[in-house]
Amino acid sequence: MLTQLSIKNFALIDSLQVEFDKGLTIITGETGAGKSILLGGLALILGKRADLSSLKDKDRKCVIEAEFSIKKYKLKQFFEENDLDYDHDTIVRREILPSGKSRAFVNDVPVRLGVLQALGDQLIDIHSQHQTLQLTDNQFQFQVIDTLANVSDEVTSYQEVLKTYQATQKELRNIRDEQAALEKEHDYNMFLLKELEEAKLEGLILADLEAQYERLNNAEDIKTNLSTSEQILSDEQVGVLNLLSELQVVSGKLSGIAPEFNSLAERIKSSYIELDDIYNEIINLQGEVSFNPEQLEEISSKLQKIFDLQKKHNVLSVEELVEIQTELSEKAAVSENIDEVIQAKEKELTTLSNQLKQLAKTIHQKRTEGIPKLVEQLERLLANLGMPNARFDIKVQLAKQFYANGMDDLQFLFAANKGGNFNELKKAASGGELSRVMLCIKAILSKYMQLPTIMFDEIDTGVSGEVANKMARIMQHMGKSMQVFSITHLPQIAAKGKQHFKVYKQDINEVTTTHLKELREEERIEEIAQMLSGAKISDSALANAKELLKS
């Protein structure tokens with residue numbers, strides 16, 4: 001509920017601060033006093049776009065701030081989803097700067113207008129005669145029926161399954177698109193995959209293959225150099241091993257003369273052993289080296305194929321070629337198995353479709369059972385509001401397609417007069433009749449769900465006498481479970497309020513400003529008496545006003 005409202009520098013309002021209570025609150029005032037300005041300020045809080053014309057003083061910013069008690073509104077999830085700080089007493093502030101820039105805050109957290117509008121829809125519901133067109137909206141009509149049918153859990157379950165169903169449909173479309181694309185490129189992909197598979201790249205180390213090629217390609221040079229190395233080591237006259245053997249004999253004699261030559265002798269001996277080992281390895285390598293033209297051609301061909309594949313696929317390594325081979329293999333597997341995937345998705349869709357149909361059938365049944373209850377209450381309330389012959393013909397019929405809230409086609413027809421033909425609400429009811437229908441619907445809904453604050457903006461236009469009194473009773477009864485505002489010109493309605501505010505203009509220093517004042521008991525009597533008799537208040541009007549306030 002709206003607990004406080006502060007408006008500064010807006011239209012004809014210089015500064016206004018007021019507190020509101022629960023129950024039915026009445027706002028009265030002469031035509032042109034500024035009731036529409038008050039609604040305009042609230043509209044900004046609810047996310048309406050602003051402009052510089054809203055500023056009373058163009059050099060100062062306009063600030064509108066409203067405090068709401070939202071403990072019963074179940075809005076914590078909304079606040080979490082929009083990164084807002086939740087508080088049972090939430091403050092919404094709107095600022096319009098002299099530059100024309102507009103800013104909005106919820107509990108001092110800046111918000112976009114879209115978020116403010118979404119929040120505002122759940123805080124205040126403003127109704128005027130032209131806004132009763134909501135009654136003709138199919139979605140709103142379903143909301144009314146579903147509230148009385150107590151089918152919200154089933155609709156929620158249906159919407160969750162529908163979401164999965166639609167996502168699966170999208171997946172199936174994507175798979176079929178992928179299948180069409182794969183079929184176009186399947187042959188080429190298989191050709192590329194075969195090329196890569198024939199290259200036998202798995203586990204291949206390109207550096208080892210290149211080294212093997214170099215050995216085979218230079219076999220004669222390797223053999224010649226190994227032979228030369230053997231001769232250098234083993235020549236009888238000048239071979240390194242023979243000379244080193246003689247050096248070993250000499251060092252042995254030196255170590256026999258003096259112990260300090262032992263180390264030198266050991267080092268020469270070690271060198272001889274190392275060179276002898278090298279000599280033996282050279283002998284072995286000579287035996288292993290052979291010129292094999294067939295193997296050389298084979299390796300050369302394989303290297304060339306790898307280089308060609310790298311160039312073809314625009315990569316620099318064998319590892320990247322292996323990755324491409326894996327991808328092509330996976331595509332081939334997908335292409336081969338895609339029919340099975342499509343069949344599985346189609347089966348999943350059938351299962352989901354059956355679930356939706358079953359839920360839709362349950363929803364349809366509960367709606368069908370709940371409609372008579374709605375019709376009975378609507379017709380009874382409208383009869384009390386001067387429409388004794390009003391009749392409703394509301395039906396739901398199962399369709400063949402899935403809608404957002406079930407599978408029902410809704411027929412919401414109305415006849416205002418006895419013997420009249422049933423027709424759509426917007427064609428069968430006048431503006432005043434629609435206002436009364438909306439009042440009745442809101443009154444019924446208030447018994448089944450927590451509604452936001454409702455503000456009725458002169459929806460009683462064209463109504464008088466006992467009908468006005470009964471409209472007031474309905475609003476008063478609604479006020480027992482929620483906060484209701486009524487902007488009215490009718491004394492019968494004004495007298496039923498728990499709070500009564502008057503909007504009035506005042507000229508100070510040749511400047512007109514709009515004010516909002518809460519009326520005390522005596523002031524309420526005078527205001528209602530004036531509504532009854534005009535500017536000149538008679539004694540009978542005062543007495544009548546007192547009676548209205550007592551009733």
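The legends below describe close-up views of a predicted model.

**View 1. The largest nonpolar core holds 59 residues.** Among its members, F392, I394, F414, L439 and M478 touch the most other members. Helix α13, which spans residues 431-445, supplies the largest share of this core, with nine residues. Another core lies apart from it and has 47 residues, including L46, A66, L113 and V503.

**View 2. F414 and its contacts from elsewhere in the sequence.** Neighbours within four places in sequence are left out of this view. On one side of F414 in sequence, the residues in contact with it are L382, M387, A390, R391 and F392. On the other side, they are N421, F422, N423, L425, A428 and A429. F414 is also one of the five named residues that touch the most other members of the largest nonpolar core.

**View 3. A nonpolar patch on the surface is formed by V250, L254, I257 and L264.** Together these residues have about 350 Å² of accessible area. Helix α8, residues 240-257, gives the most to the patch, with three residues. L264 is found in helix α9, which covers residues 262-288. With a relative accessible area of 39%, L264 is partly exposed, because the range for that class runs between 20% and 50%.

**View 4. A network of salt bridges links K61, R93, E95, R103 and D108.** Within this network, R103 forms a salt bridge with E95, and the closest N and O atoms of the pair are 2.5 Å apart. Is each partner buried or exposed? R103 is partly exposed, at 32% relative accessibility, whereas E95 is buried, with a relative accessible area of 5%. In the whole structure, a search finds 18 salt bridges.

**View 5. The salt bridge between E346 and R176 joins two helices.** The closest N and O atoms of this pair are 2.4 Å apart. E346 lies in helix α11 (residues 318-384) and R176 in helix α5 (residues 152-198), so the salt bridge ties together parts that are 170 residues apart in sequence. Both partners are partly exposed: E346 has a relative accessible area of 31%, and R176 has a relative accessibility of 38%.

**View 6. R520 forms a salt bridge with E523.** The closest N and O atoms are 3.5 Å apart. R520 counts as exposed, at 59% relative accessibility. E523, at 17%, counts as buried, because the cut-off for buried is under 20% relative accessible area.

**View 7. S353 is a buried residue of helix α11.** Its relative accessible area is 12%. Which residues does S353 touch, not counting those up to four places away in sequence? They are Y165 and F402.

**View 8. Strand β4 pairs with strand β1 and with strand β5.** Strand β4 covers residues 62-69 and is mostly covered, as six of its eight residues are buried. Strand β1, residues 2-10, runs antiparallel to β4, and six bridges join the two. One of these bridges pairs S6 with E65 in β4. Strand β5, residues 89-96, also pairs with β4 in the antiparallel sense, over eight bridges. C62 has I96 as its bridge partner in β5. In a regular strand, side chains alternate between the two faces of the sheet.

Conventions
Residues are numbered from 1 along each chain as its sequence is written. This is a predicted model: local features need pLDDT of at least 70, side-chain atom pairs count only at pLDDT 80 or more; totals for chains, interfaces and linings use all residues. Side-chain values use heavy atoms; hydrogens and water are left out. A nonpolar core is a set of buried Ala, Val, Leu, Ile, Met, Phe, Trp, Tyr and Cys residues joined through side-chain atoms within 4.5 Å. Buried means under 20% relative accessible area, exposed over 50%, partly exposed in between (1.4 Å probe, protein chains only). Helices (H or I, at least four residues) and strands (E, at least two) are DSSP runs, numbered from the N terminus. Contact means heavy atoms within 4.5 Å. Patches are made of residues with over 30% relative accessible area and no salt bridge: like charges are joined within 9 Å, nonpolar side chains (Val, Leu, Ile, Met, Phe, Trp, Tyr) within 5 Å. Accessible areas come from the Shrake-Rupley method with a 1.4 Å probe; for residues, only the protein chains shown count as cover. A salt bridge is a side-chain nitrogen of Lys or Arg within 4 Å of a carboxyl oxygen of Asp or Glu. Two strands pair if DSSP finds at least two bridges between them.
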